[in-house]
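Trainee: Please give me a close look at the ligand site of this model, and then follow the chain outward from there.

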Amino acid sequence: MLAAAPGVAAAAPQNPAPALEAVDDAEAARLAERVRAEFLHAWSGYRQYAWGHDALRPLSRTPRDWYGQSLLMTPVDALDTMILMGLDEQARQTRELIATGLSFDKDIDIKHFEIVIRLLGGLLSGYQLSGDERLLKLAQDLGTRLSPAFASPTGLPYVYVNLRTGKTHGSDSNPAEAGTLLLEYGTLSKLSGKPVFYERAKRALVETYRRRSRLDLVGERFDVTTGHWTHTNSHIGARIDSYYEYQWKCWRLFADPQCLAMWKRSIAAANRYYPEEVDGALWYGQVDMSTGRRTGSEYGALEAFYPGLLAYSGDLERARRLQASSVAMWNLHGIEPQAYDYRRRRITQPGYALRPEIVESTWYLYRLTGEAQYRAMGKKLFEDFVRYCRTETAYAALADVTTKAQADDMESFVMAETFKYFYLLFAPPATLDPRQVVLNTEAHPLRRTWPAK
Ligand code: DMJ
């Protein structure tokens, strides 16, 4: 019996997964072409109905701007995907739109974290892939305008900053928002020769880590002015997820030994306290950061990034097992929910926001193990994704994975991440080698072009 509504029992995901046929290289090449065509389908919808705006609302076919004025969120997020896909003409037009049409001199209070991972990350990778200096100039201007965010009594960044005045507000923040900044600001430092960007972002990560419990766990929310925890739930999901990701990736990109030291302690604690075995399957749930006491058994679309991170950092065994659980959760309804209670076997948040994390993990696992099962898995994910989320105009989120009712939303990360990871999974390996570049949390590839320490 499949769940009909949130809170209704779903089939057990421990049922054996249906056998998948291997994808050979010729089929992979065809799939890469299909992914490219579907990316173009979504892009043409954006072009036709939302050109110059932040995003497309795919059902009403209307544009959406996050702050009333556009920051070209979708074009900046999409640019490096176009370059990697060899969509040269689309990439050229998009680069021109950004270089001539994007200005940060706007009296708007923007969300620091989102703008860093999407725009700063996208401009830097766009610059590295195209050599267009105008993108680097925009990144420097943006980095400078965002910098007041760090001027709190603790060095933990405020949530909002005004792009024109530098005025900040919002002190209710979390480890993901404070700890997922260093790849972007650090790269900006290396490319601009201004160490201050690196230093501020590193301090934010260190200040978060410093506040860990004696179990080496962090909580879900803190106040940036006092530095005190306000919610002590600890897990790998929303508000914490990429705090782990950046400790490892900053070691990879910058060879900063402090990042490696933080990573080692953090990941050891995460792998000790979060996992649970249920009917032979491995899941990661919630615990209290101070006591390690279990507080919840939810796993979902965001948590599905973790197998990829485990694989990337060399822990293939855990990665394989947790990926099997992610895919089992996906297969319950042919699309994963935002959150699933694996003990009660209930969907607790039924939406699907076109999220990339499960595809991201599939790609890392395929590239790092070379095992055929991951390309086959990716093919199934892609077919389901197209079946349920494609619209006449573009792609739409699902309001409920059990009914497949669509929602009027196509986040820019679909263009930056979801299509990119699908493409990379099927494209020739030389398109992007995870051993040579580091992808930020929005899948913008960053390359070390500066001398190693
Ligand atoms: C993206 O903006 C980033 O991947 C972030 O780390 C988490 N959420 C979305 C995608 O789901």
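Mentor: The account below begins at the ligand, passes to the helices, and ends with the loops.

This is a predicted model, in which local features require a pLDDT of at least 70 and side-chain atom pairs count only at pLDDT 80 or more, whereas totals for chains, interfaces and linings use all residues. Residues are numbered from 1 along each chain as its sequence is written, and side-chain values rest on heavy atoms, with hydrogens and water left out.

The shell around the ligand consists of I117, R118, L302, R355, P356, E357, F413, E417, T441 and E442; a residue is near a molecule if one of its heavy atoms lies within 4 Å of it. By class, the shell has 5 charged, 4 nonpolar and 1 polar residues. In this classification Asp, Glu, Lys and Arg are charged, Ala, Val, Leu, Ile, Met, Phe, Trp, Tyr, Cys and Pro are nonpolar, and the others, Gly among them, are polar.

Three polar contacts to the ligand can be described one by one, a polar contact being a pair of N or O atoms within 3.5 Å; within protein, one atom must be able to donate a hydrogen and the other to accept it, and residues adjacent in sequence count only if both atoms are side-chain atoms. R355 places a polar side-chain atom 2.7 Å from a ligand oxygen. E442 likewise has a polar side-chain atom 2.7 Å from an oxygen atom of the ligand. For T441 the atom concerned is a backbone N or O, also 2.7 Å from a ligand oxygen. On its own the ligand has 290 Å² of accessible area, of which the protein covers 91%; such areas come from the Shrake-Rupley method with a 1.4 Å probe, and for residues only the protein chains shown count as cover.

Two helices, α4 (112-130) and α15 (413-426), each contribute at least two residues to this shell. Helices (H or I, at least four residues) and strands (E, at least two) are DSSP runs numbered from the N terminus.

Helix α4 deserves particular attention. Of its 19 residues, 16 are buried, where buried means under 20% relative accessible area, exposed over 50%, and partly exposed in between (1.4 Å probe, protein chains only). I117, a residue of the shell, lies in α4 and is buried because its relative accessible area is 4%. The C-alpha atoms of I117 and L182 are 9.9 Å apart, with their positions 65 residues apart along the chain. α4 bends by about 25° at G121, the angle between axes fitted to the seven residues ending there and the seven starting there. The end C-alpha atoms of α4 are nevertheless 25 Å apart, in agreement with the 27 Å that its 19 residues should span at 1.5 Å a residue; the expected span is 1.5 Å times one less than the number of residues. After α4 comes G131, with a positive phi near 75°.

Helix α8 (195-210) offers a second example of helix length. Its 16 residues reach 22 Å from first C-alpha to last, close to the 22 Å expected. The buried residues of α8 include F197, Y198, K202 and E207.

Backbone geometry draws attention to two further residues. Most residues other than glycine have a negative phi. A443, which is not a glycine, has a positive phi near 65°. A443 occupies the loop between β19 (437-439) and β20 (445-447), and counts as buried because its relative accessibility is 0%. D216, also not a glycine, has a positive phi of about 70°. D216 lies in the loop between α8 and β7 (221-223), and its 15% relative accessibility makes it buried.

Other loops complete the picture. P434, in the loop between α15 and β19, is buried at a relative accessible area of 1%. N174 sits between β6 (172-173) and α6 (175-179) and is buried at 5% relative accessibility. A polar side-chain atom of N174 lies 3.2 Å from the backbone nitrogen of A176. G170, in the loop between β5 (168-169) and β6, is partly exposed, since its relative accessibility is 25%.
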